[in-house]
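User: Could you take a close look at one part of this model for me? I work at the bench, so please explain the terms as you go.

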Amino acid sequence: MRVEIFTTLPDAAKRIRIAVFMQEQGFCDEFDALDEQCVHLVAFDGELPVATCRVWLAEDGWHVGRLAVMREYRGKGLGGLMLQHAEAHARALGGVSISLHAQCRAETFYRKYGYTPYGGIDYDEGVEHVHMKKDL
């Protein structure tokens with residue numbers, strides 16, 4: 001499995017996000033202006049794109065988001081691999097912590113990788129989300 005970094009949103013990441021967030025989970029507002037400011041990571045199995053996430057530096061620090069793994073590749077550690085690469089990218093550029101906005105149903109997954117929730121629950125397209133943070 002190889003992970004590549006892109007400075008613009010690649011078609012490979014778009015395809016994964018459409019499949020996971022729009023087709024599978026029913027989100028409508030998947031793509032936004034933030035995509036233009038992010039670094040995009042894509043994991044490939046050979047030539048097949050199988051996981052993605054985006055990383056960016058905002059005024060309040062580093063963030064990771066839009067972590068998605070194709071259904072047939074889940075449970076194989078790719079989500080954790082993507083987090084490790086995102087965290088390494090932020091750390092290499094001086095980041096000391098990283099935050100994310102997780103679906104509440106994925107909170108246990110992120111806790112496994114050292115993220116802790118803060119603040120209350122809010123909603124994105126009607127789905128419960130929680131802010132989480134990790135020291136790098």
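Where is S97 found? I'd also like to see how that part fits into the rest of the protein.

Analyst: Happy to walk you through it. Please keep in mind that this is a predicted model, in which local features need pLDDT of at least 70, side-chain atom pairs count only at pLDDT 80 or more, and totals for chains, interfaces and linings use all residues. Residues are numbered from 1 along each chain as its sequence is written, and side-chain values use heavy atoms, with hydrogens and water left out.

S97 is found in strand β5. Helices and strands here are DSSP runs numbered from the N terminus: H or I over at least four residues for a helix, E over at least two for a strand. S97 is buried, at a relative accessible area of 15%. That label follows from the cut-offs: buried is under 20% relative accessible area, exposed is over 50%, and partly exposed is in between, using a 1.4 Å probe and protein chains only.

What does S97 touch, apart from residues up to four places away in sequence? Its contacts are W62, K133, K134, D135 and L136, where contact means heavy atoms within 4.5 Å. For a sense of distance, the C-alpha atoms of S97 and C38 lie 17 Å apart, with their positions 59 residues apart in sequence.

Strand β5 also holds S99. S99 counts as buried too, at 6% relative accessibility. Beyond its neighbours within four places in sequence, S99 is in contact with W62, H63, V64, Y118, M132 and K133. W62 and K133 therefore turn up in the contact lists of both S97 and S99.

Now let's step back to the whole chain. The protein has 3 helices and 7 strands, and from the N terminus on they follow the order β-α-β-β-β-α-β-α-β-β. Among contacts between residues at least 6 apart in sequence, 58% join residues at least 24 apart. The C-alpha trace spans about 40 × 35 × 30 Å along its principal axes. The radius of gyration, taken over C-alpha atoms, can be set against a globule rule of 2.2 Å times the number of residues to the power 0.38. For 136 residues, a compact globule would come out near 14 Å, and the protein agrees at 14 Å. Buried residues account for 46% of the 136 residues.

Strand β5 also has a part in the largest pocket, which holds about 920 Å³ of space. The lining has 43 residues, and the closest to the pocket centre are F21, L67, Q103, A106 and Y110. The elements giving two or more residues to this lining include β5 (97-103), β4 (61-69) and β7 (127-135). Strand β4 gives the most, with 7 residues. By type, the lining divides into 18 nonpolar, 12 polar and 13 charged residues. Ala, Val, Leu, Ile, Met, Phe, Trp, Tyr, Cys and Pro count as nonpolar, Asp, Glu, Lys and Arg as charged, and the others, Gly among them, as polar. A pocket is an open set of points on a 1 Å grid over the protein atoms alone, where a 1.4 Å probe fits and protein lies on both sides within 12 Å along at least five of seven lines; lining residues have an atom within 4 Å of a point. Grid points are joined across faces, edges and corners, and the volume is the space filled by probe spheres set on the points.

A few residues elsewhere round out the picture. In strand β7, V127 is partly exposed at 27% relative accessibility. Setting aside residues up to four places away in sequence, V127 touches F27, Q103 and D122. V127 and R105 are 22 residues apart along the chain, with 9.5 Å between their C-alpha atoms. E125, in the loop between β6 and β7, is partly exposed at a relative accessible area of 33%. E125 has a positive phi of about 50° although it is not a glycine. R66, placed in strand β4, also has a positive phi of about 50° without being a glycine. As background, most residues other than glycine have a negative phi. On strand β6 sits G119, which is exposed at a relative accessible area of 70%. V20, by contrast, lies in helix α1 and is buried at 4%.
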